[in-house]
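User: I'm new to this structure and would love a close look at a single part of it: the surroundings of the ligand. Could you walk me through that part and then show me how it sits in the rest of the chain?

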Amino acid sequence: MNREQNTSGAEISEMKVTPWEVEGVIDYSRLIKEFGMEDFSTLLPFIKDPHPLMRRGVIFGHRDYSRIVDAMNRGETFAVMSGFMPSGLPHLGHKMTMDEIIWHNSQGGMAFVGIADMEAYAVRNLSWEKTKKIGLEYVKAIIALGLNENSLIYFQSAHTAVKDLAFELGIEVNWSELKAIYGFNSETTLSKMIVTAVQAADILHPQLKEYGGPKPTVVPVGADQDPHLRLTRDLAARANIFALERIDGGARLRSRKGEEYLNRAREHLEFEFVEYEGHLDIKGDYGEIEKEIREIELELGGFAFIPPASTYHKFITGLTGGKMSSSKPESFISLLERPEEARNKVMKAFTGGRATAEEQRKLGGQPEICVVFELYTIHLIQDDEELREIESACREGRLLCGKCKARAAEMMKNFLEELHEKMHEAEARLDMYNILM
Ligand code: TRP
Ligand code: SF4
């Protein structure tokens with residue numbers, strides 16, 4: 001694309017974001033609008049000590065995250081859940097999700113970490129042996145990065161409750177819906193469809209009775225996973241017995257599973273209500289009513305799922321600029337990378353520097369397009385003040401790329417050396433964790 005086209009705005013390359021494909025230049029505010037996500041920044045003031053990825057706008061969108069903020073601020077039970085497809089070695093992109101899980105885990109959330117071996121097997125054609133071997137590297141990595149024992153790590157194929165729930169949720173999904181959400185067609189295999197139900201079950205199973213019942217759950221993911229969340233949030237509602245809707249002065253209650261449940265609810269209700277054909281209008285505080293209906297549903301053997309919340313982080317840039325690609329080893333750093341090799345990759349990374357040192361002193365660099373600055377922002381620098389100093393030194397032409405890169409490269413090397421040591425330790429401590437494999 002040349003410059004004229006770019007500035008005229010006429011031919012901006014089409015952006016495409018699906019769980020299996022991400023293409024084009026991503027416009028995040030457009031993504032928020034088109035997907036119907038919410039802007040994350042408006043929640044920031046309510047979060048005590050937010051994660052750097054939150055403060056720095058890397059986490060840019062969410063659904064329903066205020067449920068999680070409330071739970072954290074009130075010290076109530078909540079869960080954090082995300083999954084990793086073990087089709088390739090864990091890399092810095094996965095580390096971002098791991099950091100998000102670990103942060104919520106350290107805020108008191110019970111963490112559920114799914115290794116999506118069924119997905120890798122069905123969609124990427126990997127053997128079970130391979131998915132097991134690669135999956136274990138994810139397990140060691142997330143433990144090494146700081147996951148605590150208030151967690152469950154599992155391989156999808158080993159988790160009966162998840163597979164059973166997937167089957168159950170499948171009852172609520174039909175073909176036209178799958179087609180509309182995922183763009184499936186007549187070539188799509190049944191197992192690839194099943195995998196979408198398994199992912200929905202991954203996300204909802206922390207709310208099963210055996211894990212303490214309904215609870216706010218947050219799913220930190222890349223924006224490409226949003227279709228799964230839209231489907232899962234719908235399924236959470238559809239799998240429940242009761243549907244509740246806000247009305248003036250209270251809530252309207254319907255049953256999705258037959259009239260007899262409404263009768264049972266009527267017997268249990270402690271609130272005042274008016275009876276209509278097919279629904280009850282209940283008077284009172286919506287939140288209180290919701291809580292009571294959930295209790296009644298659980299007594300009646302229903303799920304009473306709370307729709308899962310989610311946070312969305314930006315896509316990371318490949319080291320060489322453009323997309324990260326598993327077929328281009330120089331475009332990403334694996335968490336198992338030899339530290340020396342990682343250092344070399346950073347030294348060759350795409351920057352926002354100018355053609356000559358002289359020009360850069362005059363015009364300054366462009367951190368907003370610089371992959372090295374992205375590494376600092378997402379992985380290497382915790383202190384905001386320090387990051388701001390790099391940014392202004394770069395913009396003002398006081399800092400040149402050679403020196404700046406060398407520093408990032410050194411930090412990356414040290415980080416990996418330390419991580420490998422911790423992964424090695426993690427291997428010896430695996431039995432202290434709850435792992436289903
Ligand atoms: N589909 C996700 C990926 O390709 C992995 C995944 C499986 C997942 N189950 C999940 C992500 C549940 C979030 C929640 O990376
Ligand atoms: Fe990037 Fe650093 Fe160069 Fe600025 S000075 S463009 S942050 S490498």
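Analyst:
**The ligand and its surroundings**

Let's start with a strand that will come up again: β5 runs parallel to strand β6 (residues 110-115), and 6 bridges join the two. Within this pair, A79 stands opposite M110 of β6. Please keep in mind that this is a predicted model.

Both strands belong to an open sheet of 8 strands with mixed pairing, whose order is β3-β4-β13-β8-β5-β6-β7-β14. At the edges stand β3 (38-39) and β14 (434-436), each with a single partner strand, so one side of each has no neighbour in the sheet. In that order, β5 has β8 on one side and β6 on the other.

Now to the ligand itself. Which residues are closest to ligand 1? They are G83, E119, Q199, D202 and Q225, out of 13 residues that surround the ligand. Three of these names return when we look at side-chain atoms and at the nitrogen atoms of the ligand. An N or O atom in the side chain of D202 is 2.7 Å from a nitrogen atom of ligand 1. For the side chain of Q199, the distance from such an atom to a ligand nitrogen is 2.8 Å. For the side chain of Q225 it is 3.1 Å.

How much of the ligand does the protein cover? Taken alone, ligand 1 exposes 370 Å², and the protein buries 89% of that. The elements that contribute two or more residues each to the shell are β5 (79-84), α10 (190-204) and β8 (217-222). Sorted by class, the shell holds 6 nonpolar, 5 polar and 2 charged residues.

Of these elements, α10 deserves a pause. With 15 residues at 1.5 Å a residue, α10 should span 21 Å, and because its end C-alpha atoms are 21 Å apart, the model agrees with that expectation. The helix is mostly covered, with 11 of its 15 residues buried. Among the buried ones are Q199 and D202, along with M193, V195, T196 and A197. Q199 and D202 are also the residues whose side chains come to 2.8 Å and 2.7 Å from ligand nitrogen atoms. An α-helix has 3.6 residues a turn, so residues three or four places apart point the same way.

A second helix can be checked in the same manner. Helix α7 (residues 128-144) has 17 residues, so at 1.5 Å a residue its span should be 24 Å, and its end C-alpha atoms are indeed 24 Å apart. Its buried residues include T131, I134, Y138 and I142. After α7 comes G146, which has a positive phi near 125 degrees.

Let's go back to β5 and look at the loop that leads to it from α4 (66-74), where E76 is found. Is E76 buried or exposed? It falls in between: its relative accessible area is 40%, so E76 counts as partly exposed. E76 and I378 are 302 residues apart along the chain, and their C-alpha atoms are separated by 29 Å.

Another loop residue is R56, placed between α3 (52-55) and β4 (59-63). Its relative accessibility is 17%, so R56 counts as buried. The side chain of R56 reaches the backbone oxygen of T377 at 2.8 Å.

To finish, here are two hairpins elsewhere in the chain. In the hairpin of β9 and β10, strand β9 (residues 242-247) runs antiparallel to strand β10 (residues 250-255), and 6 bridges join them. F242 has S255 of β10 as its bridge partner. There are 2 residues between the strands, and G249 takes a positive phi near 75 degrees.

The other hairpin is built from strand β11 (residues 273-276) and strand β12 (residues 279-283), which pair in the antiparallel sense over 4 bridges. Here Y276 stands opposite H279 of β12. This hairpin has 2 residues between its strands, and G278 in it has a positive phi near 85 degrees. H279 counts as buried because its relative accessibility is 12%. What joins the side chains of H279 and R252? A polar contact of 3.5 Å does. R252 falls within β10, which covers residues 250-255, and H279 lies in β12, so that contact links the two hairpins.

Terms used: Residues are numbered from 1 along each chain as its sequence is written. Chains are lettered from A and ligands numbered from 1 in the order in which they are written. This is a predicted model: local features need pLDDT of at least 70, side-chain atom pairs count only at pLDDT 80 or more; totals for chains, interfaces and linings use all residues. Side-chain values use heavy atoms; hydrogens and water are left out. Two strands pair if DSSP finds at least two bridges between them. The expected span of a helix is 1.5 Å times one less than its number of residues. Buried means under 20% relative accessible area, exposed over 50%, partly exposed in between (1.4 Å probe, protein chains only). A residue is near a molecule or strand if one of its heavy atoms lies within 4 Å of it. A polar contact is a pair of N or O atoms within 3.5 Å; within protein, one must be able to donate a hydrogen and the other to accept it, and residues adjacent in sequence count only if both atoms are side-chain atoms. Accessible areas come from the Shrake-Rupley method with a 1.4 Å probe; for residues, only the protein chains shown count as cover. Ala, Val, Leu, Ile, Met, Phe, Trp, Tyr, Cys and Pro count as nonpolar, Asp, Glu, Lys and Arg as charged, and the others, Gly among them, as polar.
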